[in-house]
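Here is a walk through one protein model. Keep the sequence and the coordinates open as you read.

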Amino acid sequence: MITRLLPLAPSAIPRAFLALLMVAIPFPVAAEPPAMPIVIAHRGASGYLPEHTLPAKALAHGQGADAIEQDVVMTKDGVPVVLHDTTLDAVSDVAVKFPGRARADGKHHCTDFTLAELRTLALTERLDPATGRQTYADRFPRGYSRFAIVSLEEELDFIAGINHSTGRTVGIYPEIKSPAWHRAEGHDVAKAVVDILHRHGYATKADPCHIQCFEADEVTRIRGELGWQGRLVQLIGGRDQDALVTAEGLARIATVADGIGPPIERVLDAIGKPTDLVERARAAGLAVHPYTLRRDRLPSWAGSFDDLQEALFAAGIDGVFSDFPDLTVAWLRGRTAGRAD
Ligand code: CA
């Protein structure tokens, strides 16, 4: 299996050595615009390989990403695994492997399957259930090669292993998915993730780790009740979360979190001009990490992917989620080289 590629057991990696590497990595949260925004590989290098597979994470590392994202959901037996949806249908062969296990909504839910059962599934490129076709037609073709679901701990060990073997520390960026839904299912996903991060040496703001979550009450709980002292990002969604980005909303977020993760559409308007969000967030002391750069899903005003990257970075963001970390890293390096000239 893929995890056998790991060169070392995680316990064999000297924590002190990793800690030394980690403190050298800049993770800006300051009120000043960053000299070099960070590139967060969104679900790995998901523009090239199926999302949340270890190959997608390895590629992101090799492409120069500063951080690699994990979305985290729970299994029936209480193990955090790395998957974007709380259901399995869009990215796996669960309907074929486990007939009769769908709920009344017709979907197969992650929390109805044990880790052992999930390990038997083949992960694939994301499918649009409405059309039966790949969501992104030009990405990794379905049916090629084999990919497996991994637990959060397996992925953290995998990244720590590559950090060790390359000598370059890439951060992690776990998202607590649907905590209220998980609680109704009998799982405390935030506590499970924080416990694992602590065990893997991620604990303070000097460590290269951001926790992210859409649910504001849970962000508050992660900082308070769960005692997380590392970096914390409040994700911002659609119009129903407008209250989070008022002056009062941002000030309240700043009492618990280090940054916000808004959709690009809140940073650039309908013609690609910057809104006032970055400026107002920075005034509140918050970093801004928008989502998501996709070469194959451009806003209508952008003539090219670089048009979009140019406008977004010109808005003064501190980092960005990208499905194509190589292209985003290359753009930023080109900008830096231009400055040096
Ligand atoms: Ca996410």
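Leaving aside neighbours within four places in sequence, which residues is Ile40 in contact with? This is a predicted model. In it, Ile40 is in contact with Ala65, Asp66, Ala67 and Glu69. Tyr173 and His289 are also in contact with Ile40. So are Gly319, Val320, Phe321 and Ser322.

Ile40 has a further role in the picture. The largest nonpolar core has 81 residues, and Ile40 and Ile68 are those with the most contacts inside it. Helix α5, residues 152-166, gives the largest share of this core, 6 residues. In soluble globular proteins, nonpolar side chains tend to be buried together.

Now follow Tyr173 into its strand. Strand β6 covers residues 171-176, and 6 of its 6 residues are buried. Both faces are covered. Gly171, Tyr173 and Glu175 are buried on one side. Ile172, Pro174 and Ile176 are buried on the other. Strand β2, residues 67-74, pairs with β6 in the parallel sense, over 6 bridges. Within β6, Ile176 stands opposite Val72.

Next, turn to a loop. Pro50 lies between β1 (38-41) and α2 (54-62). Why does Pro50 count as buried? Because it has 23 C-beta neighbours inside 10 Å, and the cut-off for a buried residue is 20 or more. Setting aside neighbours within four places in sequence, Pro50 is in contact with Ala56, Leu123, Thr124, Glu125, Phe140 and Phe147. Arg142 is 92 residues away from Pro50 along the chain, yet their C-alpha atoms are separated by 8.9 Å.

Technical notes: Residues are numbered from 1 along each chain as its sequence is written. This is a predicted model: local features need pLDDT of at least 70, side-chain atom pairs count only at pLDDT 80 or more; totals for chains, interfaces and linings use all residues. A nonpolar core is a set of buried Ala, Val, Leu, Ile, Met, Phe, Trp, Tyr and Cys residues joined through C-beta atoms within 7 Å. A residue is buried if 20 or more other C-beta atoms lie within 10 Å of its own, exposed if 12 or fewer, and partly exposed in between; C-beta atoms are placed from the backbone. Helices (H or I, at least four residues) and strands (E, at least two) are DSSP runs, numbered from the N terminus. Two residues are in contact if their C-beta atoms, placed from the backbone, lie within 7 Å. Two strands pair if DSSP finds at least two bridges between them.
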